[in-house]
Amino acid sequence: MASIAIIGTGYVGLTTGACFSHLGHDVVCADIDEAKVASLSAGEIPIVEKGLDRLVDEGLRSGKLRFVVGAAEASKDAEFHYLCVPTPQSADGSADLSYLETAAAQIGPVLPHGSVVVNKSTVPVGSTRVVAKVLGRSDVAVVSNPEFLREGTAVNDFLQPDRVVIGSQDQEAAIRVAALYSRIAAPIMVTDPVSAETIKYASNAFLASKLSFVNAIATLCEAVGADVSDVVLGMGYDRRIGREFLRPGPGWGGSCFPKDTRALARIAENAGYDFHFLNEVLRVNEDQFGRTAQKLIEAVPADMPDSHIAALGLTFKAGTDDLRDSPAIEVLMRVTAAGVKVKAYDPAVPPERNRLSEMYPDLDIEIVSDPYAAAEDAVVLTILTEWDEFTWLDFDKLAEIMAGNNIVDARNLLDPTIPRRRGFNYRGVGR
Ligand code: UGA
């Protein structure tokens, strides 16, 4: 079993570290935030991620997982060094590599001879070379090993991946990194670093394109009177298309797709190719936020301008507490800008720990602690995130407490017959 240093304990770093320790490796995770290191060492997980608490607990108990302050402290005795630091979006849409460069500069002087540095962060094509240059160590190989983890199912995605991609010029280093995954049953693909980095961006941009396409089809379905649920079912039976990632919604978001799609457009531009297709994918998504907001604004009766809408769901998808680039927020920004009041409920955003106001100070909405508190006296109820608990809403109770009877289901989560039977006007997406 190998010794692995993980630099950065965000959701990618923490999941990677916990899963590698579960596979039997000795893992040390580093972060710059002392308080975070202390709470992780006590087994407290700062994010909602299914199964992660159990793996961290298991690793802490067995001694195979430790948390330390500072990248150099983690790297000084390890054989593999996974860079899992953020690559946020710069003002021009490109990825900001400063965290990556800082981490590489910190570990460069302490790396044991012959160890391997692995880029797990989503980095622009060519960054493996940048890291190698900052490290300044000819005795250390730099390998790209992109992550394909979805928030909410990251542990499962790590332990049961569709594939493991390794990009390396150095065949021996690639084999050593591949061996870290020997207990995982998945195809392992070895290619050059630039191709590995491109696989990551191309995969995210392709999935984002699929979603923009399906949202555009949903709009078409509304225009021609088709039912998008049947349309995507019929499409998905074709194995070349596949059934996954065909759910229309209020637009797509999260910390990866918007950032990575813009970054790929920028990478292409810098390389002399105008990837205008991606700009259109992004534009269709903006349109979808606007179209969803418009449905809500239109559903507020003109003679009840002081009433509010009940928004169920704030996170960018169910199963996570992440509010970054959330479609729900994008929609509510537009709705409140039109003067509509909003009371919102999300199981992962309790009012007593209102992170929303810190992240989006301009968004003026009230957060409440259960769906019925949001719905009381509301004229419209909308589902913006597909939390399972919203499928169990008591429509008899809602009919009693709401001031209006409009439902806008931006995730097509509900069976429309149920609210309609209780006298609600139901509008979904593309059906
Ligand atoms: C995404 C990719 O799916 C991962 O493979 C990748 O590793 C990750 O980005 C990353 O680059 O780190 P994630 O951001 O967790 O994962 O979210 P997804 O599950 O892909 O969802 C993205 C958005 O698309 C969400 O707003 C979600 O609600 C939306 N979506 C997804 C739909 O509207 N319909 C669908 O059918 C699927």
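**Exercise 1.** Determine how many salt bridges the model holds, and classify the burial of the partners in the pair aspartate 260 and lysine 259.

*Solution.* Step 1: a salt bridge requires a side-chain nitrogen of Lys or Arg within 4 Å of a carboxyl oxygen of Asp or Glu; the count by this rule is 24. The model is predicted: local features need pLDDT of at least 70, side-chain atom pairs count only at pLDDT 80 or more, and totals for chains, interfaces and linings use all residues. Residues are numbered from 1 along each chain as its sequence is written, and side-chain values use heavy atoms, with hydrogens and water left out.

Step 2: aspartate 260 and lysine 259 meet at 3.2 Å, N to O. Buried means under 20% relative accessible area, exposed over 50%, and partly exposed in between (1.4 Å probe, protein chains only). Aspartate 260, at 1%, is therefore buried, and lysine 259, at 17%, is buried as well.

**Exercise 2.** Classify the partners of the salt bridge between lysine 76 and aspartate 77, and state which network includes them.

*Solution.* Step 1: the closest N and O atoms of this pair are 3.6 Å apart. Step 2: lysine 76 is partly exposed at 38%, whereas aspartate 77 is exposed at 62%. Step 3: Glu73, Lys76 and Asp77 are linked in a network of salt bridges.

**Exercise 3.** Identify the polar side-chain contacts that lysine 317 and tyrosine 11 make with the ligand.

*Solution.* Step 1: a polar contact with the ligand is a pair of N or O atoms within 3.5 Å. Step 2: a polar side-chain atom of lysine 317 lies 2.8 Å from a ligand oxygen; for tyrosine 11 the distance is 3.3 Å.

Methods: A polar contact is a pair of N or O atoms within 3.5 Å; within protein, one must be able to donate a hydrogen and the other to accept it, and residues adjacent in sequence count only if both atoms are side-chain atoms.
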